[in-house]
Amino acid sequence: MNKQFGALAFFLAIPLLGAAVWAAPATAATDVSPTPPMGWNDWAHYQCDYTAQTVLANAKALVASGLAKRGYDRVTVDDCWMGRKRDAQGNLTVNPKRFPQGIGPVIAAIHRMGLKFGIYEDAGSLTCGGYAGSGAAKPGAPDHFDRDMRQFAQWGVDYVKLDGCNVQSAHGASMEATYRKAYAAASAAIKASGKAMIFVESAPAYFQGQPSWYDVLGWVGAYGQLWREGSDIATFNKAHPDAPRFRSVMWNYVYNRPLGRYQKPGNWNDPDFIIGGDPGMSLAETRSQMALWAMMSAPLVLSVDVPKLSPAAIKVIGNKDVIAVDQDRLGRMATLLQRDASRDVLRKKLADGGYAVAVFNHSYAPIKVDLSTTALGFADTPACTMDTRNLWTQHAGRHAKALQAQVVPGDTAIWQVTPSAACGTARRMGAVVMTVSGSRDIAGHGRCLSDAGYVRSCRGDETESWTLGANGALQAQGKCLALVDGAPKMAACDDKPDQHWVYHQDGSLVNAADQLCLSTNKRFAHSAWMPLQMRACGHHEATQIWSLPDGHAMLR
């Protein structure tokens, strides 16, 4: 989604009554994108101000800098590459000002460099920039998905990003159903084209902040390999080249982090482009974006002026160990161990049995990190130690009892951790976070469940440290969350049904005894603390959406 057209997109995304149910094909094969895609896209730096020379210069810089060898091997053009109208046969045309020799020679040149080529289109009648879209001109009219995907396949396209501006909904049909029909048609057209192309869906971004957002997140994985869930990352502004951009990075991290329950190998949540190293981003902020995106197993798609990246920025963006955390074949999103006013502590399980741990300093002052093996979820025994490696400094430790560092504001420390056999398997533990709509910052958007019986701004103390037990038990400080006289309260753990919680992909947490949803009281929705109650489960009700540590293991 292109930010300057967001108001129109919001208007078009207002849900209507009468949603239809569309049959979904089998989930996209993991072999199309077994790890998060990596590459480059023009949008966040150039928007529509680019030409064939711009694209080729960035492709050459990927190769010359060594970034292509590190995995950044897809070069994608965004909006404005096409003409505003189709030709007499109904085919897409190429904008002659941007591609005077056509787009074919550019694609061929990129392939000769050993890179892959990606392209942009829109599920609506027009792209966000007003160019020819693949969708129907009006409800009931024919679309162009089959024609366009065949054309892309003939050109040798490897990657298709489908935006969602100007989608036309028939009378009585909901926008959610209309988007689903369009993206299903595009997915089928890609399969029918005969060429394996990664399919990037922007559909969820048009429903962010609405209950139907979770409906869309529930079906996009059946049609494509990755999807944009929300707000665009901040774009480069030539008129104000040094304008800070990290706030948008933090916001995209905030809304993406709780969505690990929708992700698995072959299906990736996409919090948008990597803008680290570009103007408006410090080196510390560049490290943070890379580390946080890696911990979330997010696509690493640069949208920067690659030829002008500094050697220091290239070293961060090309850090092979951080990239390896992102590309780990388990494809897990990190769980949030702790959050307070200064920091987020994240832990990610890796395929080799080890873990990645990151500490993000989102405050305005330096912080001191001292995380024991117990704080990371390992056995509380003197024999439990860790082999550690700081992925930025490459400093290695043997038989360590804690991770220690000084982290400056806006920076993120990241380690690879290999626990000793005495540590056992890390507990499924961390913060239980409720997503609060309407707030665009870390403190407001995610609030933590306390064992005192309410949700509050996260403090990162032991009252917010939950362990997921057998049968969906939620345990904190030796007691379990249970139904006591019909209300959610802490009680001695006894493994009875009233202490069993069932977690669903939409984020609802249902008690096995009364089949009601763990909720906060609506009357306190904007209070500093929100008391708990049990209520009938609504349709993706904001006061019933929870993010659990390692929640994928509890999904039903």
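Contact here means heavy atoms within 4.5 Å. The structure described is a predicted model. On that basis, Ser 248 touches Ile 233 and Ala 234, when residues up to four places away in sequence are not counted. Ser 248 belongs to helix H8, which covers residues 246–256. The relative accessibility of Ser 248 is 13%, and Ser 248 therefore counts as buried, the limit being under 20%.

Ile 233 also appears among the contacts of Trp 293. With residues up to four places away in sequence again left out, Trp 293 touches Val 249, Asn 252 and Tyr 253, among others. Further contacts of Trp 293 include Pro 271, Asp 272, Phe 273 and Ile 274, as well as Ala 298, Pro 299, Leu 300 and Asp 326. Trp 293 is one of the residues with the most contacts inside the largest nonpolar core, together with Tyr 72, Trp 81 and Met 290. This core has 121 residues. Helix H6, residues 175–192, supplies the largest share of the core, namely eight residues. A second core, separate from this one, has 22 residues, including Val 436, Val 455, Trp 501 and Leu 518.

Charged side chains were examined next. Side chains of opposite charge can pair when their charged atoms come close. Over the whole structure, the search finds 20 salt bridges. One of them joins the side chains of Lys 161 and Asp 78, with an N to O distance of 2.8 Å. This pair links distant parts of the chain, its two residues being 83 residues apart. Lys 161 lies in strand S4 (residues 159–163), whereas Asp 78 lies in the loop between strand S2 (74–76) and helix H4 (104–112). Both Lys 161 and Asp 78 are buried.

A salt bridge is also formed by Asp 461 and Arg 456, whose closest N and O atoms are 3.2 Å apart. The two partners fall into separate accessibility classes. Arg 456 counts as buried because its relative accessibility is 5%, under the 20% limit. Asp 461, at 30% relative accessibility, counts as partly exposed because this value lies between the limits of 20% and 50%.

In a further salt bridge, the side chains of Glu 541 and Arg 535 meet at 2.0 Å, N to O. Glu 541 is buried, and Arg 535 is buried too. Apart from these pairs, Asp 73, Arg 74 and Lys 116 are joined into one network by salt bridges that share partners.

Note on methods. Residues numbered from 1 in each chain as written. Predicted model: local features only at pLDDT ≥ 70, side-chain atom pairs only at ≥ 80, totals over all residues. Heavy atoms only, no water. Helix = DSSP H or I, 4+ residues; strand = E, 2+ residues; numbered from the N terminus. Buried < 20%, exposed > 50% of the residue type's maximum accessible area, 1.4 Å probe, protein only. Salt bridge = Lys/Arg side-chain N within 4 Å of Asp/Glu carboxyl O. Core = buried A, V, L, I, M, F, W, Y, C linked by side-chain atoms within 4.5 Å.
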